[in-house]
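Trainee: I should be grateful for a close look at a single part of this structure. Please set out how that part relates to its surroundings.

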Amino acid sequence: MNRIEYLSGRRWASDVVMQSSNLLKLQGGHEKLLEMLERGLVQKPSAYMAGVQAIIDIVEDALELKARRVAA
């Protein structure tokens, strides 16, 4: 059951990212996207939360990489 919950959390978070990709073009959109994803952590089973957190980590890493490229 834990694996199913983990994958469900990842799928939900992935869907949020895909549906909200236009947010990334707006000023402050990155923060709004992360806030939306963090709502998926509230009162959920731990395995589901871990799946959502995995996607949050990927998004944060991508944003950090993009910021480094812009600064270079």
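Mentor: What follows is an account of helix α1 and the loop residue after it. The model is predicted. Helix α1 comprises residues 2-19, 18 in number, and its span from first to last C-alpha is 26 Å, close to the 26 Å expected at 1.5 Å a residue.

Five positions of α1 deserve attention: Glu5, Gly9, Ala13, Val16 and Val17 are its buried residues. Viewed down the axis of α1, they fall within an arc of 110°, so they line one face of the helix. An α-helix has 3.6 residues a turn, so residues three or four places apart point the same way. On the face turned away from this buried side, α1 carries the exposed residues Arg3, Ile4, Arg11, Met18 and Gln19.

The buried residues of α1 pack against α2 (29-39) and α3 (46-71). Val16 illustrates the packing: not counting residues up to four places away in sequence, Val16 touches Leu33, Met36 and Leu37. Ala13, Val16 and Val17 are among the 12 residues of the largest nonpolar core, which also includes Leu33, Leu37 and Val52. Each of α1, α2 and α3 supplies at least two residues of this core, with α3 giving the most, 5 residues. In soluble globular proteins, nonpolar side chains tend to be buried together.

Ser20 lies in the loop between α1 and α2. Its relative accessible area is 9%, under the 20% cut-off, so Ser20 counts as buried. Leaving aside neighbours within four places in sequence, Ser20 is in contact with Leu33 and Met36.

Terms used: Residues numbered from 1 in each chain as written. Predicted model: local features only at pLDDT ≥ 70, side-chain atom pairs only at ≥ 80, totals over all residues. Heavy atoms only, no water. Helix = DSSP H or I, 4+ residues; strand = E, 2+ residues; numbered from the N terminus. Expected span 1.5 Å × (residues − 1). Buried < 20%, exposed > 50% of the residue type's maximum accessible area, 1.4 Å probe, protein only. Arc of directions from axis to C-beta. Contact = heavy atoms within 4.5 Å. Core = buried A, V, L, I, M, F, W, Y, C linked by side-chain atoms within 4.5 Å.
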